[in-house]
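Trainee: Got a minute to walk me through this one? I'd like to start with the helices and then look at the backbone oddities.

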Amino acid sequence: MKDVGNEVNPPLIATGIAGLDDVLGGGFTPNRLYLLEGNPGSGKTTLAIKWLIEGVRRGDKVVYVTLSETKNELEAVARSHGWSLAGIDILELVAPESELEPDNQIAMFQPSEIELGVTTKVILAEVERTKPRRVVIDSLSEIRLLAQSPLRYRRQVLALKQYFIGRECTVFLLDDMTYEAEDLQLQSIAHGVVTLEQLSPEYGAERRRLRILKLRGQKYRGGYHDFVILKGGLDVFPRLVAAEHGHSQKRGLLKSDNDKLDALLGGGLQYGTSAVLLGPAGCGKSTLALQFARAAAQRGERAALFAFDERLETLFERTTGLGMDITPYVASGHIAIYPIDTAEVSPGEFAHRVRRAVEPENGQAGAKVIVIDSLNGYLNAMPEERFLTAQLHELLTYLGHKGVVTFLVVAQHGLVGHMESPIDTTYLADTVILFRYFEALGAVRQAISVLKKRSGRHERTIRELTLSDKGITVGEPLTAFQGVLSGTPVYHGSDAALARAKDE
């Protein structure tokens, strides 16, 4: 028998789940024993079956030992994902129907005293017969109940580990964590521990995440990683680490093709920077972001809009009414629109979708303009708001490395006068563009100004902003008004200029 216990740096074995392999740094070290733990419904069985199917695809012999679910139940799980269990040897050790008979429930000794030994013997006999490369034992809670004492249970798991050492076999032990206290002894025995969680927010669908609790002798990506269970298995979204991605900085300025707007911004926005569009609802923030996206599409670049708040029908009607129809560019693929349901999408999945839009695919360049409309919707998608700025900083840093111009639309509370933001992100952005309503000459008007731009000069004037069927019009500086940003300005101009303004 080959001794692989001392094999140096053996090739890693893939799980068949691209995102999980990325988190693991390529896969699992072969010929080791691993613990997959998680509450019922967290996805352990689905992950284990997918791992075995990947083994069958690679030509390995595999065994699934089930102590809790029946073979029919496992086949039903596989069918729901469009899988076939052909090639997987299923050893079913579920209690037979005869156990329900009253006569079989009366004994002079505890059945566990012999049942554990019999169960272990059957498992080992099947392994000797099939000589598999991958084994799943589901679940440890049954072995724990049969052992009855922590000492006997630990010895049984240690015995299994010693048995599989040197047999060129990688083992997954599944544990549903139905015991009261965390089993640190079991975690210490395993070569690696993967913890799966299912969270239930107060509103919306359940959310799942996993964490590599332990992985001896192997570098992996720490922290929590969101995932979903779809038809076809698990889709894992590795936590975004901007430092892991190389720089592909694009030089130059992104122009809006609106001369006065570009002049207000000192010529345009530098590629690789981010801009926060800040103001009350309906003041033109989304329209300005779409102006840049449409201009980029006209030049053959790609843009992606992640719409948290607005329906697609409303978006198309609005842009058409403003004389900036985007439907041709959506049809050509130069503008991609992704509706985001905050009740269904986790923050990790959202960051992964942004990454997919930016990365080149099938020979096509990725998006160079990203619009998140709005950040308020993104905030609502976060179950724990205190981590929003940290995650957003990582996302903006990554997009900066990729030479992307990112627009963050933030709707402030209120319409005129004192304004409040749901979260302060101005210090994260390279550019801050402020929108305001103000009252003048018996009408409600809109104003735009650039408060901050790290990557170059910009105008410091406050200009009037008008939205019409001709698109965005940026007027002359409001030099005759004082207090525009407060919403109730005072006019200091001449009567003649005031008369001309009324006529206009």
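**Helices first**

Mentor: Helix α5 (residues 140-147) is largely enclosed by the rest of the structure, because six of its eight residues are buried. Buried means under 20% relative accessible area, exposed over 50%, and partly exposed in between, with a 1.4 Å probe and protein chains only. Helices are DSSP runs of H or I with at least four residues, strands are runs of E with at least two, and both are numbered from the N terminus.

Trainee: Before we go on, what kind of model is this?

Mentor: It's a predicted model: local features need pLDDT of at least 70, side-chain atom pairs count only at pLDDT 80 or more, and totals for chains, interfaces and linings use all residues. Residues are numbered from 1 along each chain as its sequence is written, and side-chain values use heavy atoms, with hydrogens and water left out.

Trainee: OK, which residues of α5 are buried?

Mentor: Leu140, Ser141, Ile143, Arg144, Leu146 and Ala147.

Trainee: And what follows α5?

Mentor: Gln148, which has a positive phi near 70 degrees.

Trainee: What about the stretch ahead of it, where does Ser139 lie?

Mentor: Ser139 is in the loop between β4 (134-138) and α5. The peptide bond leading from Asp138 into Ser139 is cis, with omega near 5 degrees. Most peptide bonds are trans.

Trainee: Which residues does the cis bond with omega about 10 degrees join?

Mentor: Asp373 and Ser374. Ser374 sits in the loop between β15 (369-373) and α13 (375-380).

Trainee: Back to positive phi. Is Asn31 buried or exposed?

Mentor: Asn31 counts as buried, at 11% relative accessibility. Its phi is positive, near 65 degrees, and Asn31 lies in the loop between α1 (18-24) and β1 (33-38).

Trainee: And Lys131, buried or exposed?

Mentor: Lys131 is exposed, with a relative accessible area of 58%. Phi of Lys131 is also positive, near 50 degrees; look for this residue in the loop between α4 (112-130) and β4.

Trainee: Switching to packing: at what angle do α12 and α14 pack?

Mentor: About 5 degrees, with the axes of α12 (residues 347-358) and α14 (residues 388-401) 11 Å apart. Axes are lines fitted to C-alpha atoms, for helices over the stretch in contact, and angles run from 0 to 180 degrees between N-to-C directions. The two helices are therefore roughly parallel, the word for angles under 35 degrees.

Trainee: Which residues of α12 and α14 meet?

Mentor: Pro347, Gly348, Phe350, Val354, Arg355 and Val358 in α12 meet Gln391, Leu395, Tyr398 and Leu399 in α14, where contact means heavy atoms within 4.5 Å.

Methods:
Parallel < 35°, antiparallel > 145°, perpendicular 65-115°, else oblique.
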